[in-house]
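Q: Hey, I've got a protein model open and I'm not sure where to start. Can we go through it together?

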Amino acid sequence: MPPLNYFVVESPDEVGRDAYERIAADVLQDLDLIKVLDRLHIYVDPKVPIFVAVGLLRHMPRAIRVADFANVNPGDAEIVLDIGDETYLAPLLRKLWALYGKENVDQPDRFTVVLPAGAAGEEDLDQMVVADPSETLYKDVIYALQYIAPEGFKVRRQYIRDGKFYYVASEDTLPADIVETMVAPIFAKMGVTL
């Protein structure tokens, strides 16, 4: 696993700690999350039972705009979008159909989209947000933590905001003060406040 700036697995059971360190490393690598995580601290105690993972994201991917993958060529009668990368073509078409109607969006070939000049109005098409990868990143991080957590730890609490995240899971009901008693001190070990 390429190094995170901070990666610690803590457990009263040393064999379990080593196993969870390998599991976490494998899951993060398999889901290609290592490049977006900066710090990760996991605490697991099967006797309590409790699993706590806290961390920081390295950087949030930026929103994808039309100008990132297409050239917008306005004309008198029509606006032509020359698509350079098809990766975001489907979400672009869905967005254009929703804004202007399918009857006003023409796609003569897979690298061209044509809009009538009047239908598109005065909007700045090249700055229109087509996709936000951070939405799926949040889901991927939570999915990875669910996968890393012990089987049967179905009672959980999760949080991701402003580049910080935590995931707490147990077989038992989680106490109301779990964030103050377990999550905040682990963030403090990483030199971060929640």
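What follows is a chat about the domains, cores, salt bridges and backbone of this model.

Q: What kind of model is this?
A: It's a predicted model.

Q: OK, how is the protein divided into domains?
A: Domain 1 takes in residues 6-60 plus 133-189, and domain 2 covers 64-131.

Q: How far apart are the C-alpha centres of domain 1 and domain 2?
A: Those centres lie 40 Å apart.

Q: Got any pairs of residues that show the distances across the model?
A: Sure. The C-alpha atoms of V179 and N73 are separated by 52 Å, and these two are 106 residues apart along the chain. Then take D124 and K154: they are 30 residues apart along the chain, with 46 Å between their C-alpha atoms.

Q: Where does D124 lie?
A: D124 is in the loop between α3 (117-120) and β9 (129-131). Its relative accessible area is 51%, and over 50% counts as exposed, so D124 is exposed.

Q: And V179, is that one buried or exposed?
A: Buried. V179 has a relative accessible area of 17%, and the cut-off for buried is under 20%. V179 lies in helix α5.

Q: What does V179 touch?
A: Leaving out residues up to four places away in sequence, V179 touches Y166, A184, P185 and L194.

Q: Let's go inside. How many residues does the largest nonpolar core have?
A: That core has 28 residues, and the ones with the most contacts inside it are I42, F51, V141, I148 and F165.

Q: Which elements give two or more residues to this core?
A: They are α1, β2, β3 (50-57), α4 (133-148) and β11 (164-170). The one that gives the most is α4, with six residues.

Q: Can we zoom in on F51? What is F51 in contact with?
A: If you leave aside neighbours within four places in sequence, the list for F51 includes I42, Y43 and V44, and also L145, I148 and A149. Further along the chain, F51 is in contact with P150, F153, Y167, V168 and A169 too.

Q: What about a second core, how many residues does that one have?
A: The second core is separate and has 19 residues, among them I64, A70, L89 and L92.

Q: Switching to the outside now. Which residues make the nonpolar surface patch?
A: L31, Y143 and Y147 make a patch of about 330 Å². L31 is in the loop between α1 (14-30) and β2 (37-45), and L31 is partly exposed at 33% relative accessible area.

Q: Now charges. How many salt bridges does a search of the whole structure find?
A: Eight. In general, side chains of opposite charge can pair when their charged atoms come close.

Q: Which residue forms a salt bridge with E10?
A: K189 does, and the closest N and O atoms are 3.0 Å apart. E10 sits in strand β1 (residues 6-10) and K189 in helix α5 (residues 178-189), so this pair ties together parts that are 179 residues apart in sequence. E10 is partly exposed at 26% relative accessibility, and K189 is partly exposed at 47%.

Q: Any others?
A: E86 pairs with R110, with the closest N and O atoms 3.5 Å apart. E86 is in the loop between β6 (78-83) and α2 (89-100), while R110 is in the loop between β7 (106-109) and β8 (112-116), so the pair ties together parts that are 24 residues apart in sequence. There's also a network: R17, D18 and E21 are joined by salt bridges that share partners.

Q: And what does D32 form a salt bridge with?
A: With K35, the closest N and O atoms being 2.9 Å apart. D32 is in the loop between α1 and β2, and D32 is partly exposed at 46% relative accessibility.

Q: Last topic: the backbone. What's phi of D32 near?
A: Near 55 degrees, a positive value in a residue other than glycine. Most residues other than glycine have a negative phi, and most peptide bonds are trans. D162 has a positive phi too, near 50 degrees. D162 lies in the loop between β10 (155-161) and β11, and D162 is exposed, with a relative accessible area of 69%.

Q: Is the peptide bond from V48 to P49 cis or trans?
A: Cis, with omega near -15 degrees. P49 is in the loop between β2 and β3.

Technical notes: Residues numbered from 1 in each chain as written. Predicted model: local features only at pLDDT ≥ 70, side-chain atom pairs only at ≥ 80, totals over all residues. Heavy atoms only, no water. Patch = residues over 30% accessible without salt bridge, like charges linked within 9 Å, V, L, I, M, F, W, Y side chains within 5 Å. Areas by Shrake-Rupley, 256 points an atom, 1.4 Å probe, with all protein chains shown as cover. Salt bridge = Lys/Arg side-chain N within 4 Å of Asp/Glu carboxyl O. Helix = DSSP H or I, 4+ residues; strand = E, 2+ residues; numbered from the N terminus. Buried < 20%, exposed > 50% of the residue type's maximum accessible area, 1.4 Å probe, protein only. Core = buried A, V, L, I, M, F, W, Y, C linked by side-chain atoms within 4.5 Å. Contact = heavy atoms within 4.5 Å. Domains from an automatic or database assignment.
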